[in-house]
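Here is a quick walk through one structure, with an eye on its hollows, a helix pair and a few backbone oddities. Have a look at the model first.

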Amino acid sequence: MDQVWANRAESAEAAVTARHLKSLWHLPGTQLGVVAWPPIRRAPHWHYWWQAHLLDCLIDAQLRDPQHERAVRIKRQIRGHWVHNALRWTNQYYDDMAWLALAIQRAERVTGIDRHRALNALTRQLAESWMPEAGGGIPWRKEEPGVAPFLNAPANGPAGIFLARHPDWLARAQAMGDWLDATLIDPETHLVFDGIRSGSMVRAQYTYCQGVVLGLETELAVRTRDPRHAPRVHRLVAAVAEHMAPGGVLKGAGGGDGGLFAGITARYLALVATDLPGESADDDAARATAAKMVLSSAKSAWDYRQSVAGLPLFGAFWDQTAEVPRAEGATARSVGGAVTESEVPERDLSVQLGGWMLMEAAHAVSVATVSS
């Protein structure tokens, strides 16, 4: 079965490569993902965190099937990001920077490229944004005059995963995990709330908030062997299965930024399935439940896909038939720090990246299942 998922992940990669990957402004040695397909005239190349996830998907593919050509694409993607971002690595949003830091960190380890300047710049931003005066946590974005900081899971989760994988910042990552557990866990459902501002909870519960906390707690369980982390993973995997995966399929969140949410959750459920340590019945149950959600979601997303020119087009909701987008209608745009969805969500790069991420997660889980 692992070859089936390898083939499906390869097809997802080929679809994004054919429809979305372009050089930036025709500059040599660059690449970014055009954010809409079919594209519009002067189609925008840019939503910072979408590009970070495109890089992460390329790294998943390189782990699955190492190729020199893809290693070149990874280098071009990193350079394209830097060039488009005005020759800087940073921006105003800590969640954006955390996603890019994670992807570049993985790129270094998988391909051997040296991007220490990028990682040093991003590490400083994430490490220095910790807010002990607020009881811990890092904010969603940099300080806005007259606006209280919004401390949320989408910033603290990926920043914590990155810092847990950094040789010097494991203790800070553990503090971030403790802050998330003490501050943002719903005592009724055990799911993760979105965030908190001035003591007021923002009670929205998104799939990717669960995913990043699962990723952080799994990394901490692996790296610290502290007994408090694995039970948090057990609890959250069970909560996601109960509340966010009807029929075993992870809930979709439409297009725009939401197109990435379930894919991120699948990525870190796969990490639970493959990396969570321990031999207890609870450890086994968490790994098995996480793997089942990934594989059930992937099977459903594949079954409901469309095929265009022989390549898959994934739906914004993995339990519904995908709609083939047209070269007309409104496309995704940035509003207030978030990206809205296109008129047909399947047009968004984010949705197709989410499907690709899911196929790579299914492959990782299937390989681990065979090897065990």
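How do the residues of the lining of the second largest pocket divide into nonpolar, polar and charged? The split is 12 nonpolar, seven polar and four charged. Bear in mind that this is a predicted model.

## The second largest pocket

This pocket has a volume of about 500 Å³. Its lining takes in 23 residues, and those nearest the centre are Trp49, Asp257, Gly337, Ala338 and Val339.

As for who builds the wall, at least two lining residues come from each of α2, α4, β3 (150-152) and β9 (338-339).

## The largest pocket

Now for the largest pocket, which holds about 670 Å³ of space. There are 25 residues in its lining, with Asp60, Leu63, Arg106, Leu271 and Ala364 lying nearest the centre. Five helices, α2, α4 (94-111), α8 (207-224), α10 and α12 (349-371), are the elements that give two or more residues to that lining.

Sorted by class, the lining of the largest pocket comes out at 10 nonpolar, four polar and 11 charged residues.

## Where α2 meets α10

Two of those helices also touch each other. Packed helix pairs are described by the angle between their axes and the distance between the axes. For helix α2 (residues 48-64) and helix α10 (residues 261-275), the axes come within 12 Å and cross at roughly 40°. The crossing of α2 and α10 is left-handed.

On the α2 side, the contact is made by Trp49, His53, Asp56, Cys57 and Asp60, while α10 brings Phe261, Ile264 and Arg267. By class, that makes four nonpolar, one polar and three charged residues. Two names here are worth a second look: Trp49 is among the residues nearest the centre of the second largest pocket, and Asp60 is among those nearest the centre of the largest pocket.

## Sealed spaces

How many cavities of 30 Å³ or more are there? The count comes to three. About 60 Å³ of space lies in the largest cavity. Its lining includes Gly252, Ala253, Gly254, Trp318 and Val351, and α12 gives the most to it, with three residues. By class there are five nonpolar, seven polar and no charged residues around the largest cavity.

The second largest cavity holds about 50 Å³. It is lined by Asp181, Ile185, His190, Val213, Glu217, Arg232, Arg235 and Leu236. Both α8 and α9 (229-243) give two or more residues to this lining, with α9 giving the most, at three residues. The classes here are three nonpolar, one polar and four charged.

## Backbone oddities

Which peptide bond is cis? The one joining Trp37 and Pro38, with omega at about -5°. Pro38 sits in the loop between β2 (32-33) and α2.

Next come two positive phi values in residues other than glycine. His26 has phi near 60° and lies in the loop between β1 (21-22) and β2. Is His26 buried or exposed? His26 counts as exposed, because its relative accessibility is 75% and the cut-off for exposed is over 50%. Ala86 also has a positive phi, near 60°, and its place is in the loop between α3 (68-84) and α4.

Technical notes
Residues are numbered from 1 along each chain as its sequence is written. This is a predicted model: local features need pLDDT of at least 70, side-chain atom pairs count only at pLDDT 80 or more; totals for chains, interfaces and linings use all residues. Side-chain values use heavy atoms; hydrogens and water are left out. Axes are lines fitted to C-alpha atoms, for helices over the stretch in contact, and angles run from 0 to 180 degrees between N-to-C directions. Helices (H or I, at least four residues) and strands (E, at least two) are DSSP runs, numbered from the N terminus. A crossing is left-handed if the near helix is turned anticlockwise from the far one by less than a right angle, and right-handed if clockwise. Contact means heavy atoms within 4.5 Å. Ala, Val, Leu, Ile, Met, Phe, Trp, Tyr, Cys and Pro count as nonpolar, Asp, Glu, Lys and Arg as charged, and the others, Gly among them, as polar. On a 1 Å grid over the protein atoms alone, a cavity is a set of points where a 1.4 Å probe fits but cannot get out, and a pocket is an open set with protein on both sides within 12 Å along at least five of seven lines; lining residues have an atom within 4 Å of a point. Grid points are joined across faces, edges and corners, and a volume is the space filled by probe spheres set on the points. Buried means under 20% relative accessible area, exposed over 50%, partly exposed in between (1.4 Å probe, protein chains only).
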